[in-house]
Amino acid sequence: SIRRQRQMCKETDFEDLYAIIESRKNERPEGSRTVEELDRGVHGIGKKIVEEAAEVWMACEYESDEAAQIEMSQLIYHLQVMMVAKGFTPQDIYQHM
């Protein structure tokens with residue numbers, strides 16, 4: 001839920017979030033949305049990233065700063081799900097920044 005994601009974002013940073021997603025991949029808890037998304041594969045995750053990127057844009061154009069921040073946090077989450085799906089680490093990404 002958005003509320004849960006809001007709480008997670010307040011309590012975690014980029015690398016903490018990556019570790020949470022990686023642990024869900026490995027532990028595969030029942031009912032995990034992260035596991036469901038990983039199971040959809042690169043194509044399904046990619047579609048979600050495109051959707052979330054559009055929501056970031058729309059929130060920045062037409063909604064509050066908080067709404068834009070929430071959408072950005074969701075985009076970061078889905079990007080990290082893709083990272084895990086592809087076997088990329090944060091360090092793999094940092095080397096290109």
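This briefing covers the nonpolar core, a buried glutamine and a surface patch. The model is predicted: local features need pLDDT of at least 70, side-chain atom pairs count only at pLDDT 80 or more, and totals for chains, interfaces and linings use all residues. Residues are numbered from 1 along each chain as its sequence is written, and side-chain values use heavy atoms, without hydrogens and water.

**Nonpolar core**
- The largest nonpolar core (buried Ala, Val, Leu, Ile, Met, Phe, Trp, Tyr and Cys residues joined through side-chain atoms within 4.5 Å) has 13 residues.
- At least two residues of this core come from each of helices H2 (14–27), H3 (33–62) and H4, helices being DSSP runs of H or I with at least four residues, numbered from the N terminus.
- H4 gives the most to this core, with 6 residues.
- Ile49 is among the residues with the most contacts inside the core; beyond four places in sequence, Ile49 touches Leu75, His78, Leu79 and Met82 (heavy atoms within 4.5 Å).

**Gln80**
- Gln80, in helix H4 (residues 65–86), is buried, with a relative accessible area of 0% (buried is under 20%, exposed over 50%, with a 1.4 Å probe and protein chains only).
- A polar atom of the Gln80 side chain lies 2.9 Å from the backbone oxygen of Phe14.
- Leaving aside neighbours within four places in sequence, Gln80 is in contact with Phe14, Leu17, Tyr18 and Ile21.

**Surface**
- Phe88, Ile93, Tyr94 and Met97 make a nonpolar surface patch of about 410 Å² (residues with over 30% relative accessible area and no salt bridge, nonpolar side chains being joined within 5 Å; a salt bridge is a side-chain nitrogen of Lys or Arg within 4 Å of a carboxyl oxygen of Asp or Glu).
- Met97, in the segment after helix H5 (90–94), is exposed, with a relative accessible area of 77%.

Definitions and conventions
Patch = residues over 30% accessible without salt bridge, like charges linked within 9 Å, V, L, I, M, F, W, Y side chains within 5 Å. Areas by Shrake-Rupley, 256 points an atom, 1.4 Å probe, with all protein chains shown as cover. Polar contact = N/O pair within 3.5 Å; in protein donor to acceptor, adjacent residues only side chain to side chain.
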